[in-house]
Amino acid sequence: MNAPITFHENARRVVANPVLRASFRGAMDFLMAKRAAQFPDLDAFEALRTQGEAIRQYSLARLPDLLEQLEANLTRNGIQVHWAETPKEACQIIIDITRKAGGDLVVKGKSMVSEEVELNHALEAAGIGALESDMGEYIVQLAGEKPSHIIMPAIHKTKEEIARLFAEKVPGVAYTDSVDELIQIGRRVLREKFRDTKVGLSGVNVAIAETGTLCLVENEGNGRMCTTVPEVHIAITGIEKVVEKLEHLPPLMALLTRSATGQAITTYFNWISSPRREGELDGPKEVHLVLLDNGRSQMYTDERLRATLQCIRCGACMNHCPVYTRIGGHAYGTTYPGPIGKMVSPHMLGLDATKDLVTASSLCGACGEVCPVKIPIPDILMQLRRQSQGTAGGIQLPAAGSGRRPLQSMAFKLWAGLYARPLLYRIFGFFATRLRGLTPKWQGAWTNSRAPLRPAAQTLHERMRLSTTRD
Amino acid sequence: MTAAHNSPRRYSEKPSDVYLFGTCVLDLFDPEAGVSAVQLLEREGIRVHYPQDQTCCGQPAYTSGFPDEARAVAKAQLTLFPGTWPVIVPSGSCAGMMRHHWPRLFADDLTNLPRAESIASRTFELTEFLLNVLHVEWKPSAKQKPETVVLHTSCSARREMNTHVHARALLAKFGDVEVKQQEHEAECCGFGGSFSVKHPEISAAMASDKADALEATGATTLVSADAGCLLNLNGTLEKRGSALRGQHIATYFWNKVKEGA
């Protein structure tokens, strides 16, 4: 069992910090505006995301077959496929490949799955270094932190904080808060490493089964460096990222980059179809793909939760989430924050460790409205709440019911007992309104920030009964 | 939400009778809004029936992960609205619960599913009904100075029932109402039922930002078609000593219509 995440404390701390609050709000407003500008025609967006949803659902419906087809075609292309059920297995596979290649450092492109398996820690424990080459990830690594957003890992940091961090941590760098200069500093450090490092690692955005191709989207060119310059390229991704055909790719890409960063098209698009072939002058000599489960089969098993796997990791749900906007990514204490994190983390860490996450939503639906593959996020959160309460029926996830609190269950039993009995309910209403003068001033958490609730002088029932014209 | 939820709805002719489902929040905390809804409907020549045995749509338990309790309460409503008369609900999220979630709640209960589906298909949020079925003709009042109003629509009202569109269209009918637009209008006010007490700090931060945005418009009146949001917003506004208060849109409309008549 994983230790419960200290979500409440984390959230409380951020909410009380006006600088962070303003910074998150500014960043999310910026991202929302950029995305909105890419989808000016809502009908066109709806048509495109319906297509995206259909592609993801079609792929998931055939997932076991597609994974076999993918493995066969990757193998045919000379890409070695490894299956990992747990983070530990995934890390061990990567450690073994790195050792065999004689590497002591892995230079990494951006990969949330590598964060999910905590690869950098595992490598370190095995005496292998890890260097993040995505600028945001590089910043986060220098600071000894984790990403706070799946697309923009360092979005919680101001320019000045990054400037101080570089001056402090990068040898021979003087303080500068010029963004261009900071980027050049990072670029100089990383270029050397790309050239000298034996193993490069990347994520995968989409894997195409029929052609045995790995697709990688990125903006900085570091992904291309990681996947082409070192002798060995290791890609890691979740088992859900596969689609059947090449033609399934364009709609997903059109949705991904627009939803994520408000870009019509990505700066770099990498097709990884094989290691260096005979006669070719560049490219890695070995390419490996690590396919990770880590709870994904569990998401797949329950039809009511399967849509979780439709996700293409664009991050739009967190950019539009009023909760994420208030507390930022770190407060969640999970690799994936925001609405997507609330949906996937219970499967990765257990319902017990994440019970505060599944309730941390007003179910406002902003996430579901922008989701490019139409994941019904509020519905899935409600289903996870039922799992957490042990009331889901059908398939019960491990630790189902661990979020149950006797007092809350009792309260809802009493509530149902009252509200399902009309006469009793009317008597309750009568006394609640007559005794309104006795309403307590302190009403638990409600009155922390609100005036107490006070019933009206008469219920609507009473007023309707007393008026003569109605039955 | 499925696509069907957002597809355009076909409206029938104006009926002679309707049911009012008053909601548990209005029942206890704002009965005036329920009475105003009745008056607005009666003014259009409609007979309003208010079954005395009604209680709650079951939403609090439904969204908290207690489907059995939600079903028990919702089931007690199912026999109260027989026939074909529309069921008018003066609160967007309750209307959304009945229209979209009742059929799912009773999906495995073949005895009750037809009733749930029948009511779901006849459920209208009040402003939607006034606008699209009754086509109300409200005259501008003779006031010299237009009053400024800011509209808050709840998330489920907005996303499940399009209430922001209907409420805005109705407000526009008066001619002497200037509707101010608040920053981040579509963002949640932080209520979310049990969310407001399970995550009080986050909820308070959302409510406080919303109150800031509403106050910043300088509007003299806040109106909303959702009773839950109003509890949250008015509680927050009162605690911070603001002069602004929210009023249920039915009450606001009835006062305006009465004035104009």
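## Cavities, core and a central question: what earns each name?

Modeller: By the rule used here, 6 cavities of 30 Å³ or more are counted. This is a predicted model, where local features need pLDDT of at least 70, side-chain atom pairs need 80 or more, and totals for chains, interfaces and linings use all residues. Residues are numbered from 1 along each chain as written, chains are lettered from A and ligands numbered from 1 in written order, and side-chain values use heavy atoms, without hydrogens or water.

Colleague: What makes a space a cavity, and how much space lies in the largest cavity?

Modeller: On a 1 Å grid over the protein atoms alone, a 1.4 Å probe must fit at its points but be unable to get out. The largest cavity holds about 100 Å³, a volume being the space filled by probe spheres set on the joined points.

Colleague: Which residues line the largest cavity?

Modeller: There are 16 of them, with A:Cys311, A:Cys314, A:Cys317, A:Cys371 and A:Pro372 nearest the centre; each lining residue has an atom within 4 Å of a point. Helices α14 (316-319) and α16 (338-349) of chain A each give two or more residues to this lining, a helix being a DSSP run of H or I with at least four residues. By class, the lining has 14 nonpolar, 1 polar and 1 charged residues. Cys and Pro count as nonpolar, so A:Cys311 and A:Pro372 fall in that class.

Colleague: What about the second largest cavity, and which residues lie nearest its centre?

Modeller: That cavity has about 90 Å³ of space and 15 lining residues, with A:Cys321, A:Pro339, A:Ser361, A:Cys364 and A:Cys367 nearest its centre. Its lining comprises 10 nonpolar, 4 polar and 1 charged residues.

Colleague: Why is strand β7 of chain A called mostly covered?

Modeller: Buried means under 20% relative accessible area with a 1.4 Å probe, and 7 of the 7 residues in β7(A) (232-238) are buried, so the label fits. A:Val232, A:Ile234, A:Ile236 and A:Gly238 point one way, and A:His233, A:Ala235 and A:Thr237 the other.

Colleague: How do you know that β7(A) pairs with β10(A)?

Modeller: Pairing takes at least two DSSP bridges, and β7(A) shares 7 with β10(A) (286-292), in the parallel sense. One of the bridges joins A:Val232 to A:Glu286. With β4(A) (199-202), β7(A) has 4 bridges, also parallel, so both pairs qualify.

Colleague: Which residues touch the most other members of the largest nonpolar core?

Modeller: Of its 149 residues, A:Leu289, A:Ile327, A:Ile375 and B:Trp102 do. Members are buried Ala, Val, Leu, Ile, Met, Phe, Trp, Tyr or Cys residues joined through side-chain atoms within 4.5 Å.

Notes. Buried means under 20% relative accessible area, exposed over 50%, partly exposed in between (1.4 Å probe, protein chains only). On a 1 Å grid over the protein atoms alone, a cavity is a set of points where a 1.4 Å probe fits but cannot get out, and a pocket is an open set with protein on both sides within 12 Å along at least five of seven lines; lining residues have an atom within 4 Å of a point.
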